[in-house]
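Hi there,

Here is the structure I promised to pass on to you. Please open it beside this email, and then read on for what turned up.

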Amino acid sequence: MEQHDIDRIRDLMEFEAGRTEPPKDFPALPDLPGGRYTDPRFFELEQQHIWRKSWLLASHIDEVPEVGCYRLWENAGQPVIIVHAASTNSGGDSTGQINAFYNTCSHRGAPVVTDEFGKRPLLTCKYHGWSYTHSGDLIALRDPEDFRDLDKSCRGLRPIRCERFGNFIFVNFDDDAPSLLDWLGPIADEWQEFQFEKSRLSARHIWDLDCNWKIAMEANTEVYHVRSIHPTTVAPMLDDRRNVNTLYRNGHGRMIAPTPANMQGAREARVQDGPTIDTVSELGRTCTQSYGVFPNWVSPLSHQMIPPLAFWPNGINRCRLETWTTAPDWGDGPGPDLWTQNNGESLSPVLLEDTVFGAWIQKSVESWGFKGVPLSYQEARIYHWNQAADTMIGIDNIPEELRVEQVIDDRWIFPNDPRVTQMQAEKAASAG
Ligand SMILES: [Fe+2]
């Protein structure tokens, strides 16, 4: 991050700490309809639109490190093979092309692979032996003479969009989706300093939770709950009144909250010693800087690691939390795992505080007493996410009683920021 951006965010932290009401012209946020958490119609709209059209974190290059390595990935409810293919480019670099396909044989629809990870020269369906290359082309089948007019060239595996950001592999089921870089927009630039291309995967776990996936995720997209849910774990390390939220197009968001100076050591000690990412700026070193990437990625990035959380629906009232830790090359031995304790046996204390309470929230939102959610300015990222969700679903496709009003307009979307103008005006006024 450039120094003038750092200075602006530092100023905004003081602006946030000093304000006595939401920033000038920030809209009142109408209640989120409660049915967005409980109504099967909304759940189905999420399935058909949000999970189908968004870029989703699926894998890391360390899971498919060599040509022929594949993994079966089903977190988004679709069976997907992610496979490392020889590159088709002529640059001499024969690795690095990662492809994704439906794990559905073009013959009778059987799974082409059934193991979670593997390495094979060809992907051969074990039902009738149809064989595909790592690029998805059908190159061999048993008894081809018994098929009349079978054109192998149109019987390859059905591809899924698959793109990388550094070593992270994303998929998108929508052939018409923008590129991953377009989707991320300015975030892709902001992430350069974290060197995603050098991260090694050190831990990845799945945890079943008894709540709607958005309930679990939203606990990680605001700091309003920190003092009550995390009084001894997070609260001392995070100055929530100085948190600065930023909203980006496509429903993404960022928070940056400083760690009090006397807690800096304790913050770093959460992670075992290891190499750090030397290009990370001062804010990434001394603040909680966390990104929400629509729809389901939350990651507190730092100079020590890139540890995304991903939230996946598992029915309307259950979900799966996926915890990742990636870090710069730590050499031999096990790498860090930010999100677990007891060697991966249970979630970290902080995440336990959130997830245990999530099951309670679920029970309450299913009650007749739950109608809607009045969000504060501090929770604007949640509202912004919901606006983006409706835009992606298509507002007319949503029953009226389940829609959110589109009240946060472009003036509040990065790089616009009316807070900066207000702050400068207040400074000028107090100087004059
Ligand atoms: Fe929390």
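Is aspartate 354 buried or exposed? Please keep in mind that this is a predicted model. Aspartate 354 has a relative accessibility of 11%, and because anything under 20% counts as buried, aspartate 354 is buried.

That residue belongs to the metal site. The iron ion is held by His225 (NE2), His230 (NE2) and two OD contacts from Asp354, at 1.9 to 2.5 Å. The angles among the 4 donor atoms run from 56 to 150°, and the site is irregular. For comparison, four tetrahedral donors would ideally sit at 109.5 degrees.

Along the sequence, the donor residues follow the spacing H-x4-H-x123-D. Histidine 230 and aspartate 354 are 124 residues apart, so to speak a link between distant parts of the chain. You will find histidine 230 in the loop between helix H7 (226-229) and strand E13 (244-247), while aspartate 354 lies in helix H10 (residues 349-365). Histidine 230 is also buried, with a relative accessible area of 2%.

Now for the sheet. It is open and has 7 strands, in the order E2-E11-E10-E5-E4-E3-E6, with antiparallel pairing. Strand E2 (56-60) and strand E6 (117-119) are the edge strands, each pairing on one side only. From one strand to the next, the twist averages 30°.

To see one pairing in detail, look at E2 and strand E11 (residues 168-172): they run antiparallel and are joined by 4 bridges. There, leucine 56 stands opposite valine 171 in E11.

Happy exploring!

How values were computed: Residues are numbered from 1 along each chain as its sequence is written. This is a predicted model: local features need pLDDT of at least 70, side-chain atom pairs count only at pLDDT 80 or more; totals for chains, interfaces and linings use all residues. Side-chain values use heavy atoms; hydrogens and water are left out. Donors are N, O and S atoms within 2.8 Å of the metal (3.2 Å for Na, K and Ca); water is not among the atoms, so sites may look incomplete. Four donors count as tetrahedral if all angles lie between 85 and 135 degrees; four count as square planar and six as octahedral if opposite donors are over 155 degrees apart and all others between 65 and 115; anything else is irregular. Helices (H or I, at least four residues) and strands (E, at least two) are DSSP runs, numbered from the N terminus. Buried means under 20% relative accessible area, exposed over 50%, partly exposed in between (1.4 Å probe, protein chains only). Two strands pair if DSSP finds at least two bridges between them. Axes are lines fitted to C-alpha atoms, for helices over the stretch in contact, and angles run from 0 to 180 degrees between N-to-C directions.
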